Amino acid sequence: MPDPSAVKAALATQRIETPSWAYGNSGTRFKVFAQAGVPRDPWEKLADAAKVHEFTGVAPTVALHIPWDRVEDYGKLAEFARELGVALGAINSNTFQDDDYKLGSICHPDAAVRRKAVDHLLECVDIMDATGSTDLKLWFADGTNYPGQDDIRERQDRLAEGLAEVYERLGDGQRMLLEYKFFEPAFYSTDVPDWGTAYAHCLKLGDKAQVVVDTGHHAPGTNIEFIVATLLREQKLGGFDFNSRFYADDDLMVGAADPFQLFRIMYEVVRGGGFGPDVAFMLDQCHNIEAKIPAIIRSVMNVQEATAKALLVDREALVAAQRSGDVLDANAVVMDAYNTDVRPLLASLREEQGLDPDPMDAYRRSGWAQKIVEERVGGQQAGWGA
């Protein structure tokens, strides 16, 4: 079994990015559920995110979503984040909420709509320049609902053309992270439906383009850890959007539906050399019925626990069993690590870092939940509407 001190040392380097939109109101297709104390603007979202980092110690960056987080001065927003002890992370584009995008955005049959979409993506790169962000994260709702609605191949050509223009705009140290989703809101054909399509476009674009794996964006039964292992092998895994799913893109708390799957994914990350700054660990979740900040803290802890278990896999014993063809022993090595209670190890690590060993309890005792309910009265709460 690996040395616990070495496991702690590795865990101390882990960084998990939280999404600004997870602090706002969200819900289902039918209803968005408002909560008292929810942020009203990007500044208040950052204040909440800073609390998550304060109690976990591993969430120092916050992803922005444009236009949901649009402000007049992004330099000031970045400085405000630094004053809170956090930084601005990935810039997420939005080409799915305007009426013009009903038939697609970057893949739309109308060149004027495609121009509008690409211009928005270029604006996001400008925001990266202003905030110091290194990652542009792209997800497209583009696709068709009916056979014959549009030319599938031509849509791929339009996609490639638009991505190439944005790719050329990237500066030094910046990269494009392309996300995929196998269906929804397009139901017949989706323009970036799987990791292979995303990989093909990124491969053609160049080294600054990599694939994002959203753990909720797969058909039932998909072996996500195989995808992770393959992308790492090809040096094309740029990051994760962590969440959980039972049926489709449910955006539930990571580790809630299948914690064993999260462990298996993290093992492949550790095994494949992805445990470092080149692979971004990001949350992408909507907290509809649970309190926002505690849910995000719990999610961060779930990723930490899965990572700790992955780091505890006895690689020497596993390789020996694999090479001897001992199926049961090989599986037992993996299961021994997964069944280890790593909570005491993580509590000890937090104490060594000057943190409370129980982030959830520390947040409850902080009084922040009561403070924001009392102070954030009036105005328009942040959320994606419905």
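Helices (H or I, at least four residues) and strands (E, at least two) are DSSP runs, numbered from the N terminus. The exercises below concern a predicted model.

**Exercise 1.** Determine where Pro-185 is found and how the peptide bond that leads to it is configured.

*Solution.* Step one locates the residue: Pro-185 belongs to the loop between strand 8 (175-179) and strand 9 (189-190). Step two inspects the bond from Glu-184 to Pro-185, which is cis, with omega near 10°. Step three turns to Glu-184, which lies in the loop between strand 8 and strand 9. Phi of Glu-184 is positive, near 80°, although the residue is not glycine.

**Exercise 2.** Classify Glu-184 and Asp-251 as buried or exposed.

*Solution.* The cut-off for buried is under 20% relative accessible area. Glu-184 has a value of 15% and is therefore buried. Asp-251 has a value of 12%, so this residue is buried. Asp-251 sits in the loop between strand 11 (237-242) and helix 8 (259-271), and its phi is positive, about 55°.

**Exercise 3.** Describe the largest pocket by volume, lining and residue classes.

*Solution.* The volume comes first: the largest pocket holds about 1,300 Å³ of space. Its lining comprises 41 residues, and Phe-96, Trp-139, Lys-181, Glu-184 and Asp-249 lie nearest the centre. Strand 6 (135-138) and strand 7 (143-144) are the elements that give two or more residues to this lining. By class, the lining divides into 16 nonpolar, 14 polar and 11 charged residues.

Methods. Residues are numbered from 1 along each chain as its sequence is written. This is a predicted model: local features need pLDDT of at least 70, side-chain atom pairs count only at pLDDT 80 or more; totals for chains, interfaces and linings use all residues. Side-chain values use heavy atoms; hydrogens and water are left out. On a 1 Å grid over the protein atoms alone, a cavity is a set of points where a 1.4 Å probe fits but cannot get out, and a pocket is an open set with protein on both sides within 12 Å along at least five of seven lines; lining residues have an atom within 4 Å of a point. Grid points are joined across faces, edges and corners, and a volume is the space filled by probe spheres set on the points. Ala, Val, Leu, Ile, Met, Phe, Trp, Tyr, Cys and Pro count as nonpolar, Asp, Glu, Lys and Arg as charged, and the others, Gly among them, as polar. Buried means under 20% relative accessible area, exposed over 50%, partly exposed in between (1.4 Å probe, protein chains only).
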